[in-house]
Amino acid sequence: MSKPTIHIAIGILLHQDKVLVGWREAKQHQGNKHEFPGGKVEEAESPLAACRREIYEEVGIELQDWHAFDVIRHEYDDVIVNLHLFHAIVPTALLNEIQQPWTWYSRDELLSLNFPKANQAMIKRLYWEHQIKISDQLSALEQLHLDQLMYWRVEGTQAQIIEISNLSVEKLSKLIVNIDLYQQLNSIQQQAISAIHLKQSQLLSLMQGDLISGKRYIAACHDLVSINQAQKIGCDAILLSPVVATETHPDARVLGWEQFKVLASQVEIPVFALGGMQAGDLMTAQQQGAYGIAGIRFI
């Protein structure tokens, strides 16, 4: 006998590096577990319309600016669920309207919560390691620690495509590549890559709806215009630079920590401080509103 299939619309609500999470009662399917707000897609209802409706009914707020996050199919012992995921930023003005018992959790805290198995891919995408190594040497992957990713900053020549083809899925899962290189990879490699990098010029050329659903994006930003654009089109994180002077760009106009903090306070997605970072700067950066740090020499 075939299992029933249900379609669920889920809203991932974000505010200043935090994610809204609830708790499923014991009587519910997959009960006694944490959950993101959402519910069944009704007949003749689109998943996005269902998401808007469920968020209004369950959370108590009405949001219009949604981004496609992913579609996940998961088979349980008794049912097949198709999760239609969308994400949106909750403005400060609406925080007091959120109903109980929904709670804000940091992205780090998500790792210790008890979510259904179908949610694990979502958790993996929402959590970011706190350090990003930038290198043009693929061999630097071998030196990464558990809480590090690597942005392979290369243009994507044929030789580099051949070089990356030798990596295991596990290694690819620690790698960030620019969108130009990503587009040259095969489907297995694309699926495994940790995130797609957008240069600021690439970021500014895109519109809402242009990003690939199911993929994580991190954008290079240097000012408020690019920051707003990254959030507008649905990027997952940004690299904000240059914070302090660097040997590689000694003449670049730096933000300084004071201006960095001002800009970071206006971002609802993870911000990585880039430019002149040292290994011991993570705590300093986080005190100024950063989620993590990125750099060439500090790792």
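Contact is taken here to mean heavy atoms within 4.5 Å of each other. The structure under discussion is a predicted model, and the description below begins with a helix and the barrel that it adjoins, before turning to a second set of strands and to one loop residue.

In helix α10, which spans residues 256-264, the buried residues are Gly-256, Phe-260, Leu-263 and Ala-264. When α10 is viewed down its axis, these buried residues fall within an arc of 105°, and they therefore line one face of the helix. The cover over the buried residues of α10 includes two helices, α9 (224-233) and α11 (282-287), together with the strands β13 (237-240) and β14 (271-274).

Both of these strands belong to a closed barrel of 8 strands, which runs in the order β8-β9-β10-β11-β12-β13-β14-β15 with parallel pairing. On average, and with direction ignored, neighbouring strands of this sheet are turned by 25° against each other. Helix α9 packs on the sheet, where it touches β12 (217-221) and β13, and the direction of α9 makes about 165° with that of β12. Between β13 and β14, which run parallel, there are 3 bridges, and Leu-239 is found opposite Phe-272 of β14.

A further group of strands is found in the earlier part of the chain, with β1 covering residues 5-15 and β2 covering residues 18-24. Strands of a sheet pair through backbone hydrogen bonds, in either a parallel or an antiparallel sense. Of the 7 residues of β2, 5 are buried, so that this strand is largely enclosed by the rest of the structure. Strands β1 and β2 run antiparallel and are joined by 2 bridges, with Leu-14 standing opposite Val-19 in β2. The two strands form a hairpin with 2 residues between them, and in its turn Gln-16 has a positive phi of about 45°. Strand β2 also pairs with β7 (residues 103-106), in the antiparallel sense and over 4 bridges, and here Val-19 is placed opposite Tyr-105 of β7; Val-19 thus faces both Leu-14 and Tyr-105. With β3 (residues 33-35), β2 pairs in the antiparallel sense over 3 bridges, and the bridge partner of Gly-22 in β3 is Glu-35.

Strand β6, formed by residues 80-89, has 9 of its 10 residues buried and is therefore largely enclosed by the rest of the structure. Its pairing with β1 is parallel and extends over 10 bridges, with Thr-5 standing opposite Ile-80 in β6. Strand β5 (residues 67-75) is joined to β6 by 8 bridges, and these two strands run antiparallel; Ile-72 stands opposite Leu-83 in β6. Strands β5 and β6 form a hairpin, with 4 residues between them. Strand β1 is accordingly paired both with β2, in the antiparallel sense, and with β6, in the parallel sense.

The loop between α2 (107-110) and α3 (120-126) contains Asn-119. Because buried denotes a relative accessible area under 20%, the value of 6% for Asn-119 places this residue among those classed as buried. When neighbours within four places in sequence are left aside, Asn-119 is in contact with His-34, Phe-36 and Leu-83. Among these, Leu-83 is the residue of β6 that stands opposite Ile-72.

Technical notes: Residues are numbered from 1 along each chain as its sequence is written. This is a predicted model: local features need pLDDT of at least 70, side-chain atom pairs count only at pLDDT 80 or more; totals for chains, interfaces and linings use all residues. Side-chain values use heavy atoms; hydrogens and water are left out. Buried means under 20% relative accessible area, exposed over 50%, partly exposed in between (1.4 Å probe, protein chains only). The arc is that of the directions from the helix axis to the C-beta atoms. Two strands pair if DSSP finds at least two bridges between them. Axes are lines fitted to C-alpha atoms, for helices over the stretch in contact, and angles run from 0 to 180 degrees between N-to-C directions.
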